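Let's take a friendly walk through a protein model, one spot at a time. Have the structure open so you can follow along.

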Amino acid sequence: MQIMLQLLLLAVGFVMLIKGADWFVDGASKMADHFGIPQLVIGLTIVAMGTSAPEAAVSINSAIKQNAGITIGNVVGSNIMNVLVILGLTAVVRAIGVKKSTVCYEIPFTVLITVILGLLGLTDNTVSRLDGVILWGLMLLYLLYLLHMARKGQDVVEDTPGMTEKDTPLRLTLSIIIGGALIVWGADVTVDAATELAHLFRMDDRLIGLTIVAFGTSLPELVTSVTAAIRGKADIAVGNIVGSNIFNILFVVGTAALITPVDYRAGFWVDTVVAVLSMVFLLLCVLPKKKLGRLGGAAMLAGYAAYFFYLIQ
């Protein structure tokens, strides 16, 4: 009975996180538009960071509660799942075209910052506040890169929502407040339920963070990418996933570390290596034809199955 209750709470927490992030981003984007802030700036900041809001809320909440297994596990697990499961499934549905900038710059940059995260964590088994500053510095560089690409006419950010007659300042303010409250509350519910499940199943919180919590916080990316593939618009999937992985490391871990130092257990090095290898494999798959085909997608799904089997051993 206790297990069913915690699973229900975990599901409720995920729904709160996803809907909260959706309402917060929608309200904040439209409010910024209402005050004349350029769409480019909105896309590069509110919308881009908003897609990482579930991971950020869960990881920061976990760090405050000294639950490093979920803090790092959620981010690294989400990044692995984003590539091997979400892109794998999307490619199996429909082959995905990849932009040249994604192949030449963004995927290699993701590999680099994942290695940096591992090295920062292994140095003293902690992602310290200084490490958080380093990660945030790299994120600001990435934002400058996005700004440069956008000015060149490259489609590197998601479309921002348009205003309608119903979008009054009061309604948008309520959307921001309710969305923000749902994110914070949902993170609290999710972390507590995940921690309790780890205790009930006598599982390591690292495993919970890498699998269940990572899957829940990656649901928005999963739904968006697979739906886009079904509608024949899969080409946005790789860029969105790679961008999400970059924000997960630089924004989520960086912010959590600035608030409180985060423990980086030795076991996470293996997961970080898997995250690096998954990006390298993605790069190898898309290099020849700038496209991720069904065979590559199937291989990614097989790779995640092997990784999951390793985790549960």
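## Starting at G303

Find helix α12, which covers residues 294-312: G303 sits in that helix. Keep in mind as you look that this is a predicted model. Is G303 buried, exposed or somewhere in between? With a relative accessibility of 30%, G303 lands in the partly exposed group, because that group starts where buried ends, at 20%, and stops at 50%.

Now look for L84. Along the chain, G303 and L84 are 219 residues apart, yet their C-alpha atoms are separated by 6.9 Å.

## Another stop on α12

I312 is also part of helix α12. Its relative accessibility is 48%, so I312 counts as partly exposed too.

I312 has a partner to look up as well, namely M203. Counting along the sequence, the two are 109 residues apart, while in space their C-alpha atoms are 9.5 Å apart.

## Helices side by side

Next, turn to helix α1 (residues 2-34) and helix α7 (residues 169-200). Their axes are 6 Å apart, and the helices pack at an angle of about 155 degrees. How do α1 and α7 run relative to each other? Angles over 145 degrees count as roughly antiparallel, and α1 and α7 therefore get that label. The crossing of α1 past α7 is left-handed. As for what makes up this contact, its residues split into 25 nonpolar, twelve polar and three charged.

Helix α7 also packs with α3 (residues 53-64), at an angle of about 60 degrees and with the axes 9 Å apart. That angle makes α3 and α7 oblique to each other. Which hand does the crossing of α3 and α7 have? This one is right-handed.

## Rings and a charge

Time for the aromatic side chains. The model holds nine aromatic pairs. One of them is Y264 with F268: the ring centres are 5.9 Å apart and the planes meet at 50 degrees, so the pair is called tilted. If you wonder why those two numbers come up, a pair of aromatic rings is described by the distance of the centres and the angle of the planes.

Are Y264 and F268 buried or exposed? Y264 has 0% relative accessibility, so it counts as buried. F268 is buried as well, again with 0%. F268 has another neighbour to check out: the charged end of R206 sits over the F268 ring, 6.0 Å from the ring centre.

Elsewhere on your tour of the rings, look for Y105, F109, Y142, Y145 and F247, which form one aromatic cluster.

## Two residues with a positive phi

Finally, a bit of backbone. Most residues other than glycine have a negative phi. N125 goes the other way, with a positive phi of about 55 degrees even though it is not a glycine. Where is N125? You'll find N125 in the loop between α5 (100-124) and β2 (126-127). Its relative accessible area of 42% makes N125 partly exposed.

K290 is also a non-glycine residue with a positive phi, about 55 degrees. The place to look for K290 is the loop between α11 (268-286) and β4 (291-292). At 32% relative accessibility, K290 is partly exposed.

Technical notes:
Residues are numbered from 1 along each chain as its sequence is written. This is a predicted model: local features need pLDDT of at least 70, side-chain atom pairs count only at pLDDT 80 or more; totals for chains, interfaces and linings use all residues. Side-chain values use heavy atoms; hydrogens and water are left out. Rings of Phe, Tyr and Trp (its six-membered ring) pair if their centres lie within 6.5 Å; planes under 30 degrees apart count as stacked, over 60 as edge-to-face and the rest as tilted. Buried means under 20% relative accessible area, exposed over 50%, partly exposed in between (1.4 Å probe, protein chains only). A charge sits over a ring if NZ of Lys or CZ of Arg is within 6 Å of the ring centre and within 35 degrees of the ring normal. Axes are lines fitted to C-alpha atoms, for helices over the stretch in contact, and angles run from 0 to 180 degrees between N-to-C directions. Helices (H or I, at least four residues) and strands (E, at least two) are DSSP runs, numbered from the N terminus. Angles under 35 degrees count as roughly parallel, over 145 as roughly antiparallel, 65 to 115 as roughly perpendicular and the rest as oblique. A crossing is left-handed if the near helix is turned anticlockwise from the far one by less than a right angle, and right-handed if clockwise. Ala, Val, Leu, Ile, Met, Phe, Trp, Tyr, Cys and Pro count as nonpolar, Asp, Glu, Lys and Arg as charged, and the others, Gly among them, as polar.
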